[in-house]
Amino acid sequence: MEKLLIDLSRLMKSGTPAERRIAKYLMEHMNELPFETAATLAEKLGLSPMTVGRFLRSLGYRQLSDIREHLRERVTASPAVQAESHEPRQTPLSGLMMQQIQAVQAVYDLAGQSVWKTALDAIQDSRNVFIASSAESFGLCRYFYMKLLECRERVHYLQSDGSTYIELMDEEPDSTLLILIDCGGNLPALQRLAKMAKRGGYKTVLITTRFYEWGPESADICLTIPLNQNGSDSMLQLVAMTEFMLQSLSYNDGSNRRQRVKRIGDLQRALHHG
C-alpha cells in the first residue's frame with residue numbers, strides 16, 4: 001500500500017499529463033476501484049485503454065484488477081492474524097501519507113489558479129510586507145516570516161499583543177501588504193486586524209482553510225483550500241501552501257535570494273562566533 005501511494009504521488013508531480021490525470025483519479029477514488037476496469041477508467045478520463053494499460057504496467061501491474069487484488073490482500077490477508085493483532089485496515093503510516101499527498105495535491109491545484117499568481121505578484125511588488133497569525137504557538141507564521149526574509153527585504157512580523165500593529169499603520173497603504181495566516185488559535189483577533197487594515201486601505205492576503213468563517217470582504221486576495229476529506233485538522237494543507245509559496249518566490253528571484261542568503265549566513269556565523 002505504501003509503495004503504491006508513493007508511486008502515485010511521484011507520478012502526480014512528475015508524470016506526463018495523462019499519467020498525472022490517472023494518478024490523481026486513483027488517489028481520489030481508491031475505494032471505488034472494485035467497480036472499475038481499465039476501459040471504464042479510460043472512458044471517464046478521456047484516454048485510450050492503451051494509455052491506461054501502459055500506466056498500470058509502469059506501476060508493476062498487468063491490469064487494474066491486479067491493483068484491486070493487491071489491496072484486497074493487504075487489508076484481508078489472514079482473518080486469524082487480524083483477529084490476533086486487532087490492527088486496523090489502514091496503518092497509521094499509510095493514513096498519514098494519504099493526508100500528506102492530499103495536502104500537496106490541493107495546493108498544487110491552487111497554484112494553477114490565477115489567484116495564486118496574483119498573491120505572488122503582490123508579495124514581490126509591495127515595498128513592505130507584514131505577516132500576522134492567529135496562533136503564534138504553532139510556529140508556522142514565524143517560520144514563513146523567516147524564510148520570506150531570506151527572499152526579500154522589508155518583511156515584518158506582527159505579534160498578537162497588538163503593540164507591533166503600530167508598525168503597519170506607520171507605512172503607506174499603497175506600498176504595503178498584510179499577509180494573514182489563519183491556523184487556529186485566536187481567530188477573532190486576526191479578523192479584527194484584517195478589518196482594521198482593510199479600512200485603512202492596506203492590501204491583504206488571507207491564507208486559510210475555512211474561508212466560510214471570514215466572509216467575502218475579509219481580504220483582497222484569498223488563498224483558500226478545502227479541509228481534509230475526513231474533516232480533520234488542516235495544518236498539513238497550511239504547511240504545504242506556505243512551502244509552495246516560498247519555493248515559488250525563491251524560484252522567481254533566484255539570484256537575489258542567493259546573494260541575500262549568503263549575507264544572512266555570514267551575519268549568523270559572525271554572531272555565533274562572536
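Biologist: Let's start small: which residue in S4 is the bridge partner of Leu 177?

Modeller: The general idea is that strands in a sheet pair through backbone hydrogen bonds, and the pairing is either parallel or antiparallel. Here, the partner of Leu 177 is Lys 203. S3 (residues 176-181) and S4 (residues 203-208) run parallel, with 5 bridges joining them. Two strands pair if DSSP finds at least two bridges between them.

Biologist: Before we go on, what sort of model is this?

Modeller: It's a predicted model: local features need pLDDT of at least 70, side-chain atom pairs count only at pLDDT 80 or more, and totals for chains, interfaces and linings use all residues. Residues are numbered from 1 along each chain as its sequence is written, and side-chain values use heavy atoms, leaving out hydrogens and water. As for pLDDT, that's the predictor's confidence in each residue, from 0 to 100. The chain averages 77, with 74% of the residues scoring at least 70. Over residues 75-88, though, the pLDDT is below 50.

Biologist: In what order do the strands of the sheet come?

Modeller: S2-S1-S3-S4-S5, in an open sheet with parallel pairing. Strands (E, at least two residues) and helices (H or I, at least four) are DSSP runs, numbered from the N terminus. S2 (155-157) and S5 (221-224) are the edge strands, each pairing on one side only. From one strand to the next, the twist averages 20°.

Biologist: Which strands does H11 touch?

Modeller: H11 (residues 187-199) packs on the sheet against S1 (128-133), S3 and S4, and its direction makes about 160° with that of S3. Angles run from 0 to 180 degrees between N-to-C directions, and axes are lines fitted to C-alpha atoms, for helices over the stretch in contact.

Biologist: And two helices: at what angle do H2 and H4 pack?

Modeller: Two packed helices are described by the angle between their axes and the distance between the axes. For H2 (residues 17-28) and H4 (residues 49-58), that's about 70° and 10 Å. They're therefore roughly perpendicular, a label for 65 to 115 degrees (under 35 is roughly parallel, over 145 roughly antiparallel, the rest oblique). Contact means heavy atoms within 4.5 Å; H2 brings Ala 18, Glu 19, Ile 22, Ala 23 and Leu 26, and H4 brings Thr 51, Val 52 and Phe 55.

Biologist: Which residues of H4 are buried?

Modeller: Thr 51, Val 52, Gly 53, Phe 55 and Leu 56. Buried means under 20% relative accessible area, exposed over 50%, partly exposed in between (1.4 Å probe, protein chains only). Across the 274 residues of the chain, 43% count as buried.
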